[in-house]
Amino acid sequence: MIEIERITKTYGDVHAVDAVTMTAQTGTITVIVGTSGSGKTTLLRMINRLEEPTSGEVRIKGQSTLATEPHLLRRRIGYAIQGHGLFPHYTVARNIGAVPELLNWPKAKIRARVDELLNLFSMDPAEFRHRYPAELSGGQQQRVGVARALASRPDLMLMDEPFGALDPIIRARAQDDLRRIHKALGSTIMLVTHDMEEAIRLGDRVAVMDEGKLIQHGTPAEIIAQPANGFVADMVGDVERPLRLLSLIPLSDLVEDGAAPGDALPAEASLRDALAACLWTGRNAVPVEHDGAVVGRVTFDAIRARAQIHP
Amino acid sequence: MSIAANRIVAGEGVMAWHLAAPSAVLPGIAAVVAGLLLGLPRAWPRLRFAGSALGLGGLLWLLMRGAPALLDGAGDYARVSPAIGFWCLLLVLMLLMADALVQMTPGPLARGALLAAVLGALALILGSGALSQLSVLQEFASRKAAFADATLRHLGLAFGSLAVAAAFGFPLGIACHRRARLRGATLPALSLLQTIPSLAMFGLMIPLLGWVGDSVPGAQAIGIAGIGFAPAFLALVLYSLLPVVSNTVAGLAAAPPEALEAARGMGMTPRQRLIRVEFPLGLPVILTGLRIVLVQNIGLAVIAGLIGGGGYGTFVFQGLNQTATDLILLGALPTVALALASAIVMDILVDLAGPAQRKSA
Ligand SMILES: Nc1ncnc2c1ncn2[C@@H]1O[C@H](COP(=O)(O)OP(=O)(O)O)[C@@H](O)[C@H]1O
Ligand SMILES: [Mg+2]
């Protein structure tokens, strides 16, 4: 559990971060979202003490971060940044093994861990281990950057706009990768982005910041359905709010008995996918399947009713 | 080629084809002409390289055959030396060779092997005595011990001042890299030092170190005096500081900011960042600084001869005083060779230091 308590950072007269209090549960993804200059990066960097707070405190598993020397603290916390920050003169393997090397892991253990991570990110170790960053595509560099942050199995991962430099398709794949890997590893992640779409896709909790203050902290559904003020509503985007909400709800929530024409959708697909299928093929309902067997249907009317609950 | 009655008077020119019997000079002339023809077309660098090598061989042949033939019966004090035509041809052929090499872009190891081959061939030719009748080498023969001594002195001046400058310059460069204010004060001061003309600098050393030698007890015992090795050495060190420090600063600043941020974020201490990230990424630039210093000091050390610092400069200034061109060449040629060889070796090191990033960049 990460507890952030009334943490503040001022630069001269500027309150970059203004008395932010927030708790992140172990094993969850918290996404900090806000416009540029709202203090997200500063907040994140105070957690691993790349910036020292003006006042306030951060506790990890109940222990204040001030109790550990900064560089030792940072070796326990994964850190991934926009533009990956890979060392150009290190091979992929040495880049990923950098933190374990600082922690004096035995060589064989580092090698095994590097291969494990490359496999996890669908990069063949035999092919990529000995390459230099300049010999990778942008998407591969970014994956190596995240793999490096994960290398020493940190309980906590900090990620500052890790996908910011990627084009939309690669970016969506990277987000899926992150969710899959998070499920497999179960570490706590704090991720910064300026993209509300990304926040809603990735976050178990979303924290919205504006001018250094924490405006709202809740589940993606809460943020969409009950934005705390006009700023949050703007960030979510009024026109897209119903669609964003539907994208969070799986078909299994609304499935009912009955038949429907056409191709079936999997139960994990979202209501947004079902709505799109209805509109595109002119159907009033779509069949829902689970483990290959049709288990019922979701109707257009039910989807509409669900989207209307929130005015 | 030119022949002179003794080493002082001006010689009179002799055309290549009058050097000796036609059968003796013809192969040499043919090789030079063929070499130039082969070297001209731009499209085939290998051919151009072979041509320049052939042409140089031809020049060598002419020297070896021509010198004894001219001296034959010309008197004991007669001197033979290559004349303007020889030097021009030598220059053209070497330019052709350098140009071919640039086009062929050999790897660092190939260049190293080539340098070793050229030096080996040079040593073999000089050692074999085939050219010993040339006037420069006659000067050498009469000064073998002095030449060996001058070589040691010259190397000591150039490499010693480099080592001392590096020993002071690296820490200073690192400190300047960390603190912008120190950098702002240091670099202009060192630039100012650099702008002092070399003769003035050596001149300044004389009263300065003379005073130190006279007033600090024990200083004279370790060789500190107004003239000699110490002031020359110190002047060279001062000249070397700017390139070392500024290239260290530039090299350390070359690491990408994201990489440094990541290094800090993963828990590297400032020292680890310096050793693992900043230094290796800056190494090519830092070595370039050392290369500048080395080549510069090999050249400047000649001037040290003027204040009794020893080295090849001794011959150059003796030669200037006696208007003995051969003596000047005896000092100048090895200096040029040394500077060229050092530059090539350092370039190879610079290339070896940065292969990783350059591979696909
Ligand atoms: N080192 C610094 N010195 C002065 N002001 C800073 C510094 N770092 C950040 N700021 C200011 O703090 C505010 C928040 O910055 P930042 O945390 O980088 O925002 P974000 O990551 O949300 O774009 C901005 O107004 C920025 O100008
Ligand atoms: Mg930021």
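Around ligand 1, in this predicted model, the surrounding residues are A:Y11, A:V14, A:A16, A:G34, A:S36, A:G37, A:S38, A:G39, A:K40, A:T41 and A:T42. Two elements of chain A, strand 2 (14–24) and helix 1 (40–47), each give two or more residues to this shell, and helix 1 of chain A gives the most, with three residues. Sorted by class, the shell around ligand 1 has three nonpolar, seven polar and one charged residues.

Strand 2 of chain A, which thus takes part in the ligand shell, also belongs to a hairpin: strand 1 and strand 2 of chain A are joined with two residues between them, and A:G12 in the turn has a positive phi of about 60°. The two strands pair in the antiparallel sense over seven bridges, and within this pairing A:T10 has A:H15 of strand 2 of chain A as its bridge partner. Strand 1 (residues 2–11) of chain A is also joined by five bridges to strand 4 (residues 55–60) of chain A, and these two strands run antiparallel. Here A:E5 stands opposite A:E57 of strand 4 of chain A.

Another part of chain A is an open sheet of six strands, arranged in the order 6-7-8-3-9-10 with mixed pairing. Strand 6 (77–81) and strand 10 (213–218) of chain A stand at the edges, and because each has a single partner strand, one side of each is left without a neighbour in the sheet. From one strand to the next, the twist averages 15°. Inside this order, strand 7 (residues 156–160) and strand 8 (residues 188–193) of chain A run parallel and are joined by five bridges, with A:M157 standing opposite A:I189 in strand 8 of chain A.

How does the domain assignment divide chain A, and where do its parts lie? According to that assignment, chain A has domain 1 (2–237) and domain 2 (249–308), and the C-alpha centres of domain 1 and domain 2 of chain A lie 35 Å apart. Towards the later residue numbers of the chain, three strands form an open sheet in the order 11-12-13 of chain A, again with mixed pairing. The edge strands are strand 11 (265–266) and strand 13 (293–299) of chain A, each of which pairs on one side only. Strand 12 (residues 285–290) and strand 13 of chain A pair in the antiparallel sense over six bridges, and A:V288 stands opposite A:G296 in strand 13 of chain A. Helix 14 (residues 300–308) of chain A packs on this sheet, where it touches strand 12 and strand 13 of chain A, and its direction makes about 55° with that of strand 13 of chain A.

Turning to chain B, the domain assignment gives domain 1 (2–129) and domain 2 (144–358). Nine residues of domain 1 of chain B are in contact with eight residues of domain 2 of chain B. On the side of domain 1 of chain B that touches domain 2 of chain B, strand 3 (79–81) and helix 4 (108–128) of chain B each supply at least two residues, and the largest share, five residues, comes from helix 4 of chain B. The residues of this side of domain 1 of chain B divide into four nonpolar, two polar and three charged.

Two helices of chain B deserve a separate description. The axes of helix 11 and helix 13 (residues 325–353) of chain B come within 9 Å and cross at roughly 175°, and helix 11 and helix 13 of chain B are therefore roughly antiparallel to each other. Among the residues that make this contact are B:L283, B:L287, B:L294 and B:I298 of helix 11 of chain B, together with B:L338, B:A339, B:M346 and B:V350 of helix 13 of chain B. By class, the contact of helix 11 with helix 13 of chain B has 15 nonpolar, five polar and two charged residues.

Finally, the contact between the two chains takes 19 residues from chain B and 20 residues from chain A. Helix 10 (257–265), helix 11 (270–304) and helix 14 (355–358) of chain B each supply at least two residues of the side of chain B that touches chain A, so that helix 11 of chain B appears both here and in the contact with helix 13 of chain B. The most is given by helix 10 of chain B, with six residues, and the side of chain B that touches chain A has ten nonpolar, five polar and four charged residues.

How values were computed
Residues numbered from 1 in each chain as written. Chains lettered and ligands numbered in written order. Predicted model: local features only at pLDDT ≥ 70, side-chain atom pairs only at ≥ 80, totals over all residues. Domains from an automatic or database assignment. Contact = placed C-beta atoms within 7 Å. Helix = DSSP H or I, 4+ residues; strand = E, 2+ residues; numbered from the N terminus. Nonpolar A, V, L, I, M, F, W, Y, C, P; charged D, E, K, R; others polar. Pairing = 2+ DSSP bridges. Axes fitted to C-alpha atoms, helices over the stretch in contact; angles between N-to-C directions. Near = placed C-beta within 6 Å. Parallel < 35°, antiparallel > 145°, perpendicular 65-115°, else oblique.
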